[in-house]
Amino acid sequence: MPAQHDIAAETELWDTFAASAFKDDAEPNFCWTQYAGHGPGPELLGNPRSVLEIGCGTGRALAHLARRGVAARGVDLSAVMVKKTTTKWAGTGAEFVCSEVLEYLSEDKEVYGAVYSIFGAAWFTDPSRLFPLVRQRLGPGGIFAFSQPPAIPGAYGPQGMYKGGFAGKAMFTYRYSYRPAVWERLLTRAGFAMAEARILEAPHPGHIGTLLVRAVAP
Ligand SMILES: C[S@@+](CC[C@H](N)C(=O)[O-])C[C@H]1O[C@@H](n2cnc3c(N)ncnc32)[C@H](O)[C@@H]1O
């Protein structure tokens with residue numbers, strides 16, 4: 001049976017996450033991995049004039065790019081998070097929109113130099129619906145890149161995830177996990193000219209690595 005997304009319930013989950021994850025004293029920072037200072041930086045996006053981050057959360061990556069002169073827009077499901085990021089990063093020029101990503105991309109008319117997700121909406125959205133919409137928002141040679149944890153061996157497709165411990169209100173979402181070759185196939189099927197997915201090792205042997213995926217529009 002396919003995942004049964006309930007966007008209203010997922011919004012409540014992410015609003016709860018926003019209340020604890022957002023730090024008022026955060027600094028702009030762009031890191032694809034879960035380890036500070038580890039792995040490549042924004043150069044994976046090429047040299048775009050404009051970017052869209054999907055599931056932009058705390059907005060730190062967008063603030064980093066905006067400060068370097070990139071037209072930086074983020075979309076996020078959580079109104080709580082978007083209110084906080086809009087206030088916090090107002091001075092950088094980054095722009096934050098509250099919307100579900102599929103809904104947003106279906107309506108958006110903008111063409112971006114790059115679209116990206118860092119443990120963001122690309123992890124929590126059905127790729128067969130998301131990737132064609134992202135592809136349409138990129139100009140020739142535009143980049144789509146995302147990072148998230150690698151799949152747990154044998155656990156592929158939509159994975160149900162409860163919020164927090166296993167007690168209290170039943171809030172859950174789905175996240176999508178596949179082997180690198182499958183991510184590449186999904187991207188080329190969605191119309192990307194080139195797709196590369198790889199697993200970057202963690203800084204410490206045996207720790208959780210990072211799935212890094214990069215695709216180029218024709
Ligand atoms: C793990 S957090 C974000 C990580 C982000 N890189 C950061 O620095 O905070 C995932 C974010 O994706 C957003 N999200 C999840 N599903 C989404 C969807 N369907 N549409 C838009 N945003 C979504 C959540 O609201 C949340 O802020």
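I start with the vocabulary: helices (H or I, at least four residues) and strands (E, at least two) are DSSP runs, numbered from the N terminus. On that basis I get seven helices and nine strands for the protein chain. The radius of gyration (taken over C-alpha atoms) comes out at 16 Å, close to the 17 Å that the globule rule gives for 218 residues, so the chain is as compact as a globular protein of that length. The rule itself is 2.2 Å times the number of residues to the power 0.38.

Note to self on provenance: this is a predicted model, where local features need pLDDT of at least 70, side-chain atom pairs count only at pLDDT 80 or more, and totals for chains, interfaces and linings use all residues. Residues are numbered from 1 along each chain as its sequence is written.

**Whole chain**

I looked up the box next: the C-alpha atoms fill roughly 45 × 40 × 40 Å, taken along the principal axes. For burial I use C-beta atoms placed from the backbone: a residue is buried if 20 or more others lie within 10 Å of its own, exposed if 12 or fewer, and partly exposed in between. By that count, 39% of the 218 residues are buried. Contact means that two C-beta atoms, placed from the backbone, lie within 7 Å. Taking contacts between residues at least 6 apart in sequence, I find that 66% join residues at least 24 apart.

**Helix α3 and K84**

I went to α3 (residues 79-88) for K84. Is K84 buried or exposed? K84 is buried, because 21 other C-beta atoms lie within 10 Å. Outside its neighbours within four places in sequence, K84 touches A18 and F22. I also checked K84 against A19: 65 residues apart along the chain, 9.2 Å between the C-alpha atoms.

K84 has company, since the buried residues of α3 are M81, V82, K84, T85 and K88. Seen down the axis, they fall within an arc of 165°, so they line one face of the helix. The arc is that of the directions from the helix axis to the C-beta atoms. Their packing partners are α1, β2 and β3 (95-98).

I then took the α1/α3 pair. Two packed helices are described by the angle between their axes and the distance between the axes. Here α1 (residues 7-21) and α3 pack at about 35°, with the axes 7 Å apart. Axes are lines fitted to C-alpha atoms, for helices over the stretch in contact, and angles run from 0 to 180 degrees between N-to-C directions. From α1 the contact uses W14, D15, A18 and A19, and from α3 it uses A79, V80, M81 and K84. I sorted these residues into six nonpolar, no polar and two charged. The classes: Ala, Val, Leu, Ile, Met, Phe, Trp, Tyr, Cys and Pro are nonpolar, Asp, Glu, Lys and Arg are charged, and the others, Gly among them, are polar.

**Ligand shell**

Which residues come closest to the ligand? I list W14, G55, G57, L77 and V101, out of 18 that surround the ligand. A residue counts as near if its C-beta atom, placed from the backbone, lies within 6 Å. The shell divides into nine nonpolar, six polar and three charged. β2 (71-76) and α5 each supply at least two of its residues.

**I54 and F119**

I54 sits in strand β1 (residues 50-54). I call I54 buried because it has 29 other C-beta atoms within 10 Å. Beyond four places in sequence, its contacts are V75, V101, V115, S117, G120, A121 and A122. With V115 the C-alpha to C-alpha distance is 7.3 Å, at 61 residues apart in sequence.

F119 is in the loop between β4 and α5. Its phi is near 50°, a positive value in a residue other than glycine. I count 19 other C-beta atoms within 10 Å, so F119 is partly exposed.

**Helices α6 and α7**

In α6 (residues 127-136) I find P127, L130, F131, V134 and R135 buried. They cover an arc of only 130° around the axis, which puts them on the same side of α6. Their cover includes β5 (138-148) and α7 (180-189).

In α7, the residues W183, L186 and L187 are buried. Their arc is 95°, so they line one face of the helix. They pack against α6, β8 (194-200) and β9 (210-216). Just after α7, I note G191 with a positive phi of about 105°.
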